[in-house]
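Good morning. I will go through one protein structure today, starting with the whole chain and then moving to single residues.

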Amino acid sequence: ALEKEYAYFKRNYHRLRQQYGDSFLIIKRRQVTGPFQTFHEALKAGLDQYGLVPFFIRELGAPLVVFI
């Protein structure tokens, strides 16, 4: 459901990290919202903006690891 958002994040990781540092971001349809200091701040903002639909939250300082 969030493959496009994750692909966008991976393609733009270095630019986003340079621009936003080690913060949390929301990505939905290639639109970036943030930065946020905590996951909970990002989650609240995402729910306020998008409601109960999938959206991508990622901490920029975290390693790029994929769990399957």
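**The chain as a whole**

In the protein chain, the 10 positive and the 6 negative charges have mean positions that are 9 Å apart. Please keep in mind that this is a predicted model.

Now the secondary structure. The protein chain has two helices and three strands. If you read along the sequence, they follow the pattern α-β-β-α-β.

What about overall dimensions? Along the principal axes, the C-alpha atoms fill a box of roughly 30 × 25 × 20 Å. A compact globule with 68 residues would have a radius of gyration near 11 Å, and the protein chain has 11 Å, so the two agree.

Of the 68 residues, 34% are buried. The exposed surface of the protein chain comes to about 4800 Å², and 56% of that is supplied by carbon and sulfur atoms. As for contacts, take those with a separation of 6 or more: 47% of them are between residues 24 or more positions apart.

**Aromatic pairs**

Next, the rings. How many aromatic pairs does a search of the whole structure find? The count is five. I will describe two of the pairs.

One pair is Phe9 and Phe56. Their ring centres are 5.6 Å apart and their planes are at 50 degrees. Planes under 30 degrees apart would count as stacked and planes over 60 as edge-to-face, so at 50 degrees this pair is tilted. Where do the two residues sit in the chain? Phe9 belongs to helix α1, residues 3-20, and Phe56 belongs to strand β3, residues 56-59. They are 47 residues apart, so to speak of the pair as a link between distant parts of the chain is fair. Phe9 and Phe56 are both buried.

The other pair is Phe24 and Phe39. Here the centre-to-centre distance is 6.4 Å and the angle between the planes is 70 degrees, and the pair is edge-to-face. This pair also links distant parts of the chain. Phe24 is in strand β1, residues 24-28, and Phe39 is in helix α2, residues 39-50, with their positions 15 residues apart in the count.

Is each partner here buried or exposed? Phe24 has a relative accessibility of 13%, so it counts as buried. Phe39 has 38%, so it counts as partly exposed.

Let me stay with Phe39 for a moment. Leaving out residues up to four places away in sequence, Phe39 touches Phe24 and Ile57. Phe39 and Ile26 are 13 residues apart in sequence, and their C-alpha atoms are 9.8 Å apart in space.

There is also a cluster to mention. Tyr6, Phe9, Tyr13 and Phe56 form one aromatic cluster.

**A buried serine and a cis bond**

Now to Ser23, which lies in the loop between α1 and β1. The relative accessible area of Ser23 is 4%, so this residue is buried. What does Ser23 touch, not counting residues up to four places away in sequence? The list is Pro35, Phe36, Arg58, Glu59 and Leu60.

Pro35, from that list, is found in strand β2, residues 31-36. The peptide bond that joins Gly34 and Pro35 is cis, with omega about 10 degrees.

**Two arginines in a loop**

The last stop is the loop between β1 and β2. Arg29 has its place there, and Arg30 does too.

What is the phi of Arg29? It is positive, about 50 degrees, although Arg29 is not a glycine. Arg30, also a residue other than glycine, has a positive phi near 60 degrees. For background, most residues other than glycine have a negative phi, and most peptide bonds are trans.

Are these two arginines buried or exposed? Arg29 has a relative accessible area of 62%, so it is exposed. Arg30 has 59%, so it is exposed as well.

That is the end of the tour. Thank you.

Technical notes:
Residues are numbered from 1 along each chain as its sequence is written. This is a predicted model: local features need pLDDT of at least 70, side-chain atom pairs count only at pLDDT 80 or more; totals for chains, interfaces and linings use all residues. Side-chain values use heavy atoms; hydrogens and water are left out. Rings of Phe, Tyr and Trp (its six-membered ring) pair if their centres lie within 6.5 Å; planes under 30 degrees apart count as stacked, over 60 as edge-to-face and the rest as tilted. Helices (H or I, at least four residues) and strands (E, at least two) are DSSP runs, numbered from the N terminus. Buried means under 20% relative accessible area, exposed over 50%, partly exposed in between (1.4 Å probe, protein chains only). The radius of gyration is taken over C-alpha atoms; the globule rule is 2.2 Å times the number of residues to the power 0.38. Contact means heavy atoms within 4.5 Å. Accessible areas come from the Shrake-Rupley method with a 1.4 Å probe; for residues, only the protein chains shown count as cover. Lys and Arg count as positive and Asp and Glu as negative; His and the chain ends are not counted. The place of a charge is taken as NZ of Lys, CZ of Arg, CG of Asp or CD of Glu.
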